[in-house]
Amino acid sequence: VQAPYIGSSLELGDYRIPYRMLVAFGVALVLTFALTIYLSKTFTGRAIKAVAQDEPALRLMGANPVRIKQWAFGIATGVSVLAGAMLIIIGPVEPAMDRLYIGRTFCVVVLAGLGSMTGTLAAGLILGVAESLVLIHPSLGASWAPAVAFGLLLLVLGVRPQGLFGR
Amino acid sequence: MSQMKFWIGMVVLFLAALGTALSGANEYFFYAGYIVLTFVVLSTAWNILGGYAGYVNFGTGAFFGLGSYSAVVLFKALQAPLAVQIAAAALVGGALGFGVGLLTLRLRGIFFAIATVAILFICETLMVNWRYVGGATGLQLLRPEVMAPFGSYTRMLFVVMALLALIAISVARYIQVGWIGRGLRAIRDSEEAAESSGVPTLRLKLFACTVSGALMGAAGAPMPMYLSFIEPASTFSLNWGVSALAMPMIGGTAHWIGPVLGALLLGSIQQIVTVTISNEINVLVVGVLLVAFVVLAPDGIYGLFRKWLRSSR
């Protein structure tokens, strides 16, 4: 994949931030805020939140829960496809990458609290920093990295199952 | 009466397995049959929690793999006999099931399913980093001498797995027909209603999770001896969990015969596909059949059979 911003990086004093990372980070930010606004301001967005809370009540309000769920699943798939597309500018991809992302996704979602959009940003940062710390730790290293996401996940489930930012 | 019939059937099946193992049947039959029987145990065990109580477990591989690794540790450290390995694996699997259950079964919804996936990958990472059992490269194992009446080690393992399968089926049936099964079904239909009618929901779920984990652990114990080799990536493969989930779904989750039918059908198809086409198509077969059954026959083969009985009457 070729793009003008791949290979060059932003230099801030001693730190170098590759532009491809910044682009992916920007897209992630925009998507998260777009979803937050969509879920809290539009009718369908609110209906998606409602269907998770009380299905019969939503039906009484005149919305079709099955249609809402199909719509929500579509949005979810679309957003994850975009995330997958961003992956190609970050680094190499291969078909067996799934396992890593199952764990990270579950971990971020549970850490943020199910249904919390802005929470996922903070949870993603926490997980990313934790994984990098284990990765550069002299006695742990890369072979322990996959356990970070899942260990964190179990910890949150045991201590605070509603997540850090959930109600 | 049906109680008697069931036990007679079990004994007959076991004698049949023993008979074939002592007969001159082709060695490959036992090699493939062992895997199919492993799937019978795994899917029956999965169904105790997943089918009766409706709590989906994606981490069958974790219980299975820990069973395998406890057998390997016992074998390497003490040269323990197979029966001891299986018992220890069942204990470890049961303990893991109890632990995971205690952590997440208090919560409703998808937390249990998420936690089982987490356990699977954590166990794999632990074993990858444990040098004693070979780490990521795995460990070669030397099979002990085969016991007297059997012609080869694979034949003996086939009989052992047949015995485990029959035990698993008996346990599943015992749970299903008794008050525990009624309680679990009440949990699946409505947990609030069950709790308010006096069903000890948490204790029943924990019990089902422990029994299910113990059976899965026991199923994993003979695996290293079967392969003469153990290695974390395939032992803790997510495919065990997917198969153990797909087989009861295809066979029918309401009755103990469902997972058995599903495992025999899907397991045999997988073995045939592995030989005739390729190993990679296996997973595809499981996926396609699962989707087809979920869409067309959500109650599985057992459900289809019941419907056919009712309409032909």
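# A guided tour of chains A and B

Let's begin with chain A: among its contacts (heavy atoms within 4.5 Å) between residues at least 6 apart in sequence, 49% join residues at least 24 apart. Before you click further, note that this is a predicted model, in which local features need pLDDT of at least 70, side-chain atom pairs count only at pLDDT 80 or more, and totals for chains, interfaces and linings use all residues. Residues are numbered from 1 along each chain as its sequence is written, chains are lettered from A and ligands numbered from 1 in the order in which they are written, and side-chain values use heavy atoms, with hydrogens and water left out.

**Stop 1: chain A as a whole**

Select chain A and colour it by secondary structure. You should find seven helices and two strands; these are DSSP runs, with helices being H or I of at least four residues and strands E of at least two, numbered from the N terminus. Follow the chain along its sequence and the pattern reads β-β-α-α-α-α-α-α-α. The C-alpha trace spans about 60 × 40 × 35 Å along its principal axes. Of the 167 residues in chain A, 26% are buried. Here buried means under 20% relative accessible area, exposed means over 50%, and partly exposed lies in between, using a 1.4 Å probe and protein chains only.

Now pick Gly74(A), in helix H4 (residues 65-90) of chain A. Its relative accessible area is 40%, so Gly74(A) is partly exposed. Try a distance to Ile48(A): the two are 26 residues apart along the chain, and their C-alpha atoms are separated by 12 Å.

**Stop 2: the nonpolar cores**

A nonpolar core is a set of buried Ala, Val, Leu, Ile, Met, Phe, Trp, Tyr and Cys residues joined through side-chain atoms within 4.5 Å. Which residues touch the most other members of the largest core? Select Leu153(A), Leu157(A), Leu42(B) and Leu184(B), which do so among its 116 residues. The largest share of this core, 14 residues, comes from H6(B). Apart from it lies another core, of seven residues, including Ile48(A), which you have just visited, and Leu39(A).

Zoom in on Leu157(A). Leaving aside neighbours within four places in sequence, Leu157(A) is in contact with Val110(A) and with Leu103(B), Thr104(B), Leu107(B), Phe111(B) and Ala115(B).

**Stop 3: helix H7 of chain B**

Move to residues 179-189 of chain B, where helix H7 has Ile180(B), Gly181(B), Gly183(B), Leu184(B) and Ile187(B) buried. Why do these residues line one face of the helix? Look down the axis of H7(B): its buried residues fall within an arc of 160°, so they line one face. The arc is that of the directions from the helix axis to the C-beta atoms. On the face turned away from the buried side, find the exposed residues Trp179(B), Arg182(B) and Asp189(B). Then show what covers the buried residues, including helices H2 (27-50), H6 (153-177), H8 (191-196) and H9 (201-220) of chain B.

**Stop 4: a helix pair in chain B**

Select helix H12 (residues 238-251) and helix H14 (residues 281-296) of chain B. They pack at an angle of about 35°, with their axes 10 Å apart. Axes are lines fitted to C-alpha atoms, for helices over the stretch in contact, and angles run from 0 to 180 degrees between N-to-C directions. Among the residues making the contact are Val242(B), Leu245(B) and Met249(B) of H12(B), and Val286(B), Leu289(B) and Phe293(B) of H14(B).

Stay on H12 and click Ile250(B). With a relative accessible area of 0%, Ile250(B) is buried. Its contacts beyond four places in sequence include Leu265(B), Leu290(B) and Ile301(B). Ile250(B) and Val294(B) are 44 residues apart in sequence and 7.7 Å apart in space, C-alpha to C-alpha.

**Stop 5: two loop residues and a last leucine**

Most residues other than glycine have a negative phi. Gln79(B), however, has a phi near 55°, a positive value. Look for Gln79(B) in the loop between helix H3 (60-78) and helix H4 (82-104) of chain B. Is Gln79(B) buried or exposed? At 55% relative accessibility, Gln79(B) counts as exposed. Ser228(B) also has a phi near 55°, and sits in the loop between helix H10 (223-227) and strand E2 (229-230) of chain B.

Finish at Leu126(B), in helix H5 (residues 111-128) of chain B. Leu126(B) counts as partly exposed, at 39% relative accessibility. Leu126(B) and Pro232(B) are 106 residues apart in sequence and 9.3 Å apart in space, C-alpha to C-alpha.
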